[in-house]
Amino acid sequence: MRTLVILGHPNPDSYCAALARSYADSARQAGAHVDLLDLSTLHFDPHLHGGYHADQPLEPDLQRAQQLIRQADHLCLVTPTWWSSMPALLKGFIDRVFLPGFAFRYRPGRMLPEQLLRGRSARVIVTTDTPPLLLRTLLGDPTLRSLSQGVLAFCGYRVRSTRLGPIRGSSDTQRAAWLDRTARLARQDHARRAAQPALA
């Protein structure tokens, strides 16, 4: 089983980075082949200049990212919530990588596209300074909805999601507990995915 962990925080020393490493280490200990993709280390233009109406060649780092995504049975995406959304770096990465012909394909006469990443599973872990209950009830979970439904499920993933917070003002004890929870989620996700048919 291959697992890809994507760190969507632009700061490689962030708490999100610690969560991504905890998930990756635990999945590796459970027996998965794990790749960790830290977006802050990639070199690419985050702007999709012509939308889907013009070709924009992928930089080598994005070509490798597509290869890792295609190979992975399971994906874990770790990101903070900024302004009820995701960091610009992560949004640019999604715009450039999850393209028609790679992640989905429009079909003439069909309302919904063909899901080209079908058969894979995903976990989205979102940190927030807003208490998770308020995030769900007052704001409608915008970051999770966008990533889980608007991107990953749209492309064929079976998605599970986790909210951690409020991060601001949290104690070292609470942060350690969230790291432990993330490690447990990795083991659970690995066991659940290992019980499913492997990708062709």
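Does Asp73 count as buried or exposed, and what is its relative accessibility? Asp73 counts as buried because its relative accessibility is 9%, and buried means under 20%. The model described here is predicted.

**Asp73 and its surroundings**

Asp73 sits in a loop. That loop runs between helix H2 (60–71) and strand E3 (74–80). A polar atom of the Asp73 side chain lies 2.8 Å from the backbone nitrogen of Arg2. Arg2 is also among the contacts of Asp73 once neighbours within four places in sequence are left aside. The others on that list are Met1, Arg120, Ser121, Arg193, Ala198 and Leu199.

**Glu59, in another loop**

Glu59 lies between strand E2 (33–38) and H2, again in a loop. The Glu59 side chain makes a polar contact with the side chain of Arg96, at 3.1 Å. Leaving aside neighbours within four places in sequence, Glu59 is in contact with His43, Phe44 and Asp45, as well as Arg96.

**Helix H5**

Helix H5 covers residues 142–155, 14 residues in total. From first C-alpha to last, H5 reaches 18 Å. That is close to the 20 Å expected at 1.5 Å a residue.

Which residues of H5 are buried? They are Thr143, Leu144, Leu147, Ser148, Val151, Leu152 and Cys155. Several elements help to cover them. Among the strands are E3, E4 (104–105), E5 (114–115), E6 (121–127) and E7 (158–164). Helix H3 (88–97) is also part of the cover. Just after H5 comes Gly156, with a positive phi of about 115°.

**Two pockets**

Rolling a probe the size of a water molecule over the atoms shows where empty space is left. The table sets out two pockets by volume and lining.

| Pocket | Volume | Nonpolar lining residues | Polar lining residues | Charged lining residues |
|---|---|---|---|---|
| Largest pocket | about 270 Å³ | eight | seven | one |
| Second largest pocket | about 150 Å³ | five | two | one |

The largest pocket holds about 270 Å³ of space. It is lined by 16 residues. Which of them are closest to the centre of the largest pocket? Pro80, Thr81, Trp82, Thr127 and Asp129 are.

The second largest pocket is lined by Leu48, Gly51, Tyr52, Ala54, Asp55, Gln56, Leu99 and Pro100. Asp55 counts as charged, whereas Gly51 and Gln56 count as polar.

Terms used:
Residues numbered from 1 in each chain as written. Predicted model: local features only at pLDDT ≥ 70, side-chain atom pairs only at ≥ 80, totals over all residues. Heavy atoms only, no water. Helix = DSSP H or I, 4+ residues; strand = E, 2+ residues; numbered from the N terminus. Buried < 20%, exposed > 50% of the residue type's maximum accessible area, 1.4 Å probe, protein only. Polar contact = N/O pair within 3.5 Å; in protein donor to acceptor, adjacent residues only side chain to side chain. Contact = heavy atoms within 4.5 Å. Expected span 1.5 Å × (residues − 1). 1 Å grid on protein atoms, 1.4 Å probe; cavity = no way out; pocket = protein on both sides within 12 Å on 5 of 7 lines; lining within 4 Å. Points joined across faces, edges and corners; volume = space filled by probe spheres on them.
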